[in-house]
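User: I should like to understand the terms applied to this model and the grounds for each. Please set the values against the definitions.

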Amino acid sequence: MSTAGSLYVIGLGPGDPKMLTEQAKIALRQSQVVIGYQGYFASVQDIVQEKECIALPLTQETQRAQVAVDRALQGEAVCVISSGDAGIYGMASLVLEVLEQRTANVPCPEVAVVPGVSAVNACASLLGAPIGHDFAVISLSDLLTPWELIEKRLKAAAEADFITVLLNPKSIRRHWQYGRAQEILAEHRAPETPVGLVRNAYRSDQSVTTTTIAHMTEPMVDMLTTVIVGNSQTRCWQSRMVTPRGYPVAETP
Ligand code: SAH
């Protein structure tokens with residue numbers, strides 16, 4: 001039996017190499033094999049060029065995890081790369097699930113999940129301070145989650161006045177879900193509630209827009225966009241969104 005290798009699952013951040021953490025760089029440098037979606041390799045080109053890079057297309061996430069686990073079980077140092085943070089709708093859970101399945105009777109490789117800057121906090125920062133209070137992150141993609149469950153969570157978040165971060169809001173094939181999300185949010189929150197839209201955060205064609213629940217379906221929204229819907233306390237100030245934490249800000253006389 002071969003000695004188990006090591007397995008890193010890392011988040012690359014939103015796109016700008018400056019947002020790749022030092023710990024993620026170390027994990028990449030220590031790996032022999034790097035596995036990910038083709039589009040993710042460009043931002044780490046200088047670190048991975050001497051390594052074996054295995055690029056598998058979108059929809060082949062399970063195969064990526066299986067190849068990664070198999071190679072680690074053969075004794076190699078393997079790194080799986082995800083965009084943003086690998087634990088947020090990324091590869092971390094899938095890799096651990098495959099690992100659990102395949103190591104029932106064999107030694108488990110060393111495994112570490114390395115955090116990355118998620119689109120959630122990257123986009124929030126570009127908008128100012130919209131997630132300064134309790135927030136919910138909801139993916140509108142119903143490819144792996146039944147729409148009924150997504151709608152139930154949207155309603156619960158809207159009703160409980162959570163700031164609501166919408167990921168995967170719209171794609172070429174999924175176009176009505178975002179409009180339905182607006183309807184649900186509008187049932188529980190004022191139409192003038194601030195909404196921020198960030199497309200391609202920390203990439204060359206970044207755009208940042210603020211609008212309201214009433215108008216949130218007007219700007220262009222796609223799979224490269226994150227939408228942050230404020231809570232009942234969120235305000236706009238100089239095209240920034242601010243959700244108060246609750247500290248008193250009145251000047252002392
Ligand atoms: N693991 C990723 C999220 C994957 S879900 C993370 O932590 O960032 C993919 C969704 O994230 C996209 O559909 C989009 O809504 C959002 N997203 C990812 N990168 C983004 C970026 N650079 N700018 C804006 N939104 C982004």
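User: What makes the shell around the ligand nonpolar, polar or charged by class?

Analyst: By class, the shell has 11 nonpolar, seven polar and two charged residues. Ala, Val, Leu, Ile, Met, Phe, Trp, Tyr, Cys and Pro count as nonpolar, Asp, Glu, Lys and Arg as charged, and the others, Gly among them, as polar. This is a predicted model, in which local features need pLDDT of at least 70 and side-chain atom pairs count only at pLDDT 80 or more, while totals for chains, interfaces and linings use all residues. Residues are numbered from 1 along each chain as its sequence is written, and side-chain values use heavy atoms, with hydrogens and water left out.

User: Which residues come nearest to the ligand?

Analyst: Of the 20 residues around the ligand, Ile88, Ala119, Met223, Thr225 and Thr226 come nearest. A residue is near a molecule if one of its heavy atoms lies within 4 Å of it.

User: What makes the approach of Thr226 to the ligand a polar contact?

Analyst: A polar contact is a pair of N or O atoms within 3.5 Å; within protein, one must be able to donate a hydrogen and the other to accept it, and residues adjacent in sequence count only if both atoms are side-chain atoms. A nitrogen atom of the ligand is 2.8 Å from an N or O atom in the side chain of Thr226. For Ser83, a polar backbone atom is 3.0 Å from a ligand nitrogen, and for Leu224 the corresponding distance is 3.4 Å.

User: How much of the ligand does the protein cover?

Analyst: The protein covers 93% of the 550 Å² of accessible area that the ligand has on its own, by the Shrake-Rupley method with a 1.4 Å probe; for residues, only the protein chains shown count as cover.

User: Which domains supply the shell?

Analyst: Domain 1 (6-117) and domain 2 (120-242) each give at least three residues; the bounds come from an automatic or database domain assignment.
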